[in-house]
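Welcome, and please take a moment to look over the sequence and the model before reading on. The report that follows walks through it one topic at a time.

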Amino acid sequence: ASNVKADTIVTLQPNDVISTKTFIATNPGTSTVETVKVEPGGGGTEKSAPAIDKTSPMDGDAVDVLPAYPGGMDALRKFLQKHLQTPDELEGGQSVSVRVKFVVDYTGKLKSFVTVQDGGQAYNNEVVRVLKKMPDWLPGKTKGENVSVYYVIPVRFETTD
């Protein structure tokens, strides 16, 4: 049986591991970050590969090169920490998590923001507001061509006392 992967949008569960890290929207001191290894999708030898439609978004595991924030993950984390503001006063020890899925299109522009983990309207809006301020990303690539790719960023707002 051949493993043909249909185009599906996966609903992420809060504990699913995705190809990004959890970004913390305050400055809680030192955080440790593991590097994420991404295996390029497919090793197939299809002769009649369809032409790549760079405008229709692909899942991250279907592309050869994932889209990247200019300057890498550290720069992305710094950007989020600098611009994210906690909408409400959180009680000591409280945290709110938001996950936003978006498309990094083939030109590097971010669009089509969807909240996949709801942290409440104010928190969701704050994450999307900051994502919209980001500079263009380096687009993902498949077979050497720029393509549009789905990307998910988890953000956690937490108190620092």
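## A first salt bridge

R156 and E158 form a salt bridge, and their closest N and O atoms are 2.9 Å apart. The two partners can be told apart by their surroundings. R156 has a relative accessible area of 26%, so it is partly exposed. E158, with 16%, falls under the 20% cut-off and is therefore buried. Please keep in mind that this is a predicted model.

## The other salt bridges

How many salt bridges does the structure hold? There are 5, and two more of them are described here. K109 pairs with D136, with 2.8 Å between the closest N and O atoms. K109 belongs to the loop between β2 and β3, while D136 belongs to the loop between α2 and β4, so this pair ties together parts that are 27 residues apart in sequence. K109 is partly exposed, at 44% relative accessibility. D136 is partly exposed as well, at 37%.

Another salt bridge joins the side chains of R129 and E126, at 2.8 Å from N to O. Both residues sit in helix α2, and the 3 residues that separate them amount to about one turn of the helix. Here R129 is partly exposed, with a relative accessibility of 33%, whereas E126 is buried at 9%. As a general point, side chains of opposite charge can pair when their charged atoms come close.

## Aromatic rings

A pair of aromatic rings is described by the distance of the centres and the angle of the planes. In this model, the count comes to 7 aromatic pairs. One of them is formed by Y69 and F79: their ring centres are 6.0 Å apart, and with 55 degrees between the planes the pair is tilted. Y69 lies in the loop between β1 (23–24) and α1 (72–83), and F79 lies in helix α1, so the pair links distant parts of the chain, 10 residues apart. Y69 counts as buried at 8% relative accessibility, and F79 counts as buried at 12%.

Next come W137 and Y151, whose rings meet edge-to-face, 4.9 Å centre to centre and with 75 degrees between the planes. This pair, too, links distant parts of the chain: W137 is in the loop between α2 (121–133) and β4 (140–142), Y151 is in strand β6 (residues 149–158), and 14 residues separate them. Are W137 and Y151 buried or exposed? Both are buried.

These four residues also belong to a wider group. Ring pairs link Y69, F79, F102, F113, W137 and Y151 into a cluster. A further ring has a charge for company: the charged end of K101 sits over the ring of Y150, 4.5 Å from its centre.

## A hairpin and two positive phi angles

Which way do strands β2 and β3 run relative to each other? Strand β2 (residues 95–104) and strand β3 (residues 110–117) run antiparallel, and 5 bridges join them. Within this pairing, V103 has K111 in β3 as its bridge partner. The two strands form a hairpin with 5 residues between them, and G108 in the turn has a positive phi of about 95 degrees.

Positive phi values also turn up in residues other than glycine. S112 has a phi near 55 degrees and is found in strand β3. At 47% relative accessibility, S112 counts as partly exposed. K143, with a phi near 50 degrees, lies in the loop between β4 and β5 (145–147). K143 counts as exposed, at 60% relative accessibility.

## Around Q94

Q94 is placed in the loop between α1 and β2, and at 38% relative accessibility it counts as partly exposed. Which residues does Q94 contact once its neighbours within four places in sequence are left aside? They are F157, E158 and T159. With F157, the separation along the chain is 63 residues, yet the C-alpha atoms of Q94 and F157 are separated by 8.5 Å.

The side chain of Q94 also reaches the backbone nitrogen of E91, at 2.9 Å. E158, one of the residues in contact with Q94, is the salt-bridge partner of R156, which brings this short tour back to its starting point.

Terms used:
Residues numbered from 1 in each chain as written. Predicted model: local features only at pLDDT ≥ 70, side-chain atom pairs only at ≥ 80, totals over all residues. Heavy atoms only, no water. Phe/Tyr/Trp six-rings, centres within 6.5 Å; stacked < 30°, edge-to-face > 60°. Helix = DSSP H or I, 4+ residues; strand = E, 2+ residues; numbered from the N terminus. Buried < 20%, exposed > 50% of the residue type's maximum accessible area, 1.4 Å probe, protein only. Lys NZ or Arg CZ within 6 Å of the ring centre and 35° of its normal. Pairing = 2+ DSSP bridges. Salt bridge = Lys/Arg side-chain N within 4 Å of Asp/Glu carboxyl O. Contact = heavy atoms within 4.5 Å. Polar contact = N/O pair within 3.5 Å; in protein donor to acceptor, adjacent residues only side chain to side chain.
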